[in-house]
Amino acid sequence: MELKTISQVSNAFKISTRTLRYYEQIGLLTSSKKEGYAYRSYDEEAILRLQQIVILRKLRIPLKQIGDILNNEDVVQAIEVFKQNITNLEDEIAALSTIKVILNRLIETLQKETKVKLKLGILSDDYILDAIDSLSLQKVSFKEEKSMEDLNKAAESLSTLKNVRIVHLPPFTVAASHYIGENPEENAGKQLEEFVKASNLYEIKPDARVFGFNHPNPSKDRPDYGYEVWVTIPEDMEVPAPLEKKHFTGGLYAAHMIILGNFHEWEWLLNWVTINNPKYEANYADDGGECMGGLLEEHLNYLYYCNLNWPESDDHQLDLLFPIKLKEQK
């Protein structure tokens, strides 16, 4: 099989190059580089492994457990992981089934009393208990066989965000670290971490926050993209080169928290903002398409991580921040 470049693999699997790099960083995937060739390449074994990762992610298996499965030839390991996830799903299904049955019972009762004002007693504990008692007769029915198409539809349905937060970022001053090339997030982050530790920022500004964004964005014509990281600092603080001192004007954002590595959820947040949102719309920044249109990633607990030397973990959190504004009333 001919080697595939990182761009070809990214397009084929609809996975960002950043996600592919992250999979390599945590040991889930491996790539190779030809001598004198700028792009990462993937052989047949890597492609097959990536296919397995994609399917397991759609089955809602966490990345750490995917690593446990793929790095262990003993099928008992996979069985235990699957059993654990089935137990979690059964709890979720039972809870949703309970809510569904009670809502149906409420609908039935209210439909019988359409000409009567809503009675407070309709939501009494006794009524809810009666509805719950009927749950023993309820069964969740599934077809015995499910296709890959069914799995894709299920994954798409579960990607609809329901708990997006609306936050306002105030104006602030930042020290900015920027890097274009191989592993830009890691290299820009190292520069920033050195500044945070050398300046004793944890003591000076313990409430400092860290944000990042692509700069420039990945493209088909560019083997390496860039990443810029900000840390908020006191306005009068000096910033050593190669870092730059910048000012952020603030604004309104839709926020969605992810676990590090789940960068595909940017698309979920994009859909939340742009598809049939009755109240908000996108408020992109005019950056010429080189950055992320004002989209930001807040690295939660970054300052504490630097100060306390926390190890990398599978629960490292990011807030995805999408700039929004209220729609004009017609």
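Me: In this protein, what share of the contacts with a separation of 6 or more comes from residues 24 or more positions apart?

Reply: Those pairs account for 71%, a contact being heavy atoms within 4.5 Å. Mind that this is a predicted model: local features need pLDDT of at least 70, side-chain atom pairs count only at pLDDT 80 or more, and totals for chains, interfaces and linings use all residues. Numbering starts from 1 along each chain as its sequence is written, and side-chain values use heavy atoms, without hydrogens and water.

Me: Why is Arg 18 called buried?

Reply: Its relative accessible area is 11%, and buried means under 20% (exposed is over 50%, partly exposed in between; 1.4 Å probe, protein chains only). So Arg 18 qualifies as buried. Across the 330 residues of the protein, 39% count as buried.

Me: Where is Arg 18 placed?

Reply: Arg 18 sits in helix 2, residues 17-25. Helices here are DSSP runs of H or I with at least four residues, strands are E runs of at least two, and both are numbered from the N terminus. The protein has 11 helices and 11 strands.

Me: What makes the pairing of the Arg 18 and Glu 185 side chains a polar contact?

Reply: They come to 3.2 Å, and a polar contact takes a pair of N or O atoms within 3.5 Å (within protein, one able to donate a hydrogen and the other to accept it; residues adjacent in sequence count only if both atoms are side-chain atoms). Setting aside neighbours within four places in sequence, Arg 18 also has Tyr 225, Tyr 227, Phe 263 and Glu 297 among its contacts.

Me: How do you know that the buried residues of helix 10 share a side?

Reply: The residues in question are Glu 265, Trp 266, Leu 269 and Val 273. They span an arc of only 115° around the axis, which means they lie on the same side of helix 10; the arc is taken from the directions from the helix axis to the C-beta atoms. They pack against strand 8 (251-259), strand 9 (280-282), strand 10 (296-299) and strand 11 (317-326).

Me: What earns the name "nonpolar core"?

Reply: It takes buried Ala, Val, Leu, Ile, Met, Phe, Trp, Tyr and Cys residues joined through side-chain atoms within 4.5 Å. The largest such set has 52 residues, and Trp 230, Leu 296 and Phe 322 have the most contacts inside it. Helix 3 (residues 44-58) gives the largest share, six residues. A second, separate core has 19 residues, including Ala 175 and Val 239.

Me: Why is Glu 244 put down as partly exposed?

Reply: Glu 244 has a relative accessible area of 47%, so it falls in the class between buried and exposed. Its place is strand 7, residues 244-248, and Ala 175 and Val 239 are among the residues it touches, leaving out those up to four places away in sequence.

Me: And what makes Lys 14 exposed?

Reply: Lys 14 reaches 75% relative accessible area, so it clears the cut-off for exposed. Lys 14 lies in the loop between helix 1 (6-13) and helix 2, with a positive phi of about 55° although it is not a glycine.

Me: How do you know that the bond from His 215 to Pro 216 is cis?

Reply: Omega there is near 0°. Pro 216 is in the loop between strand 5 (210-214) and strand 6 (226-233). Another cis bond joins Ala 241 and Pro 242, with omega about 10°.
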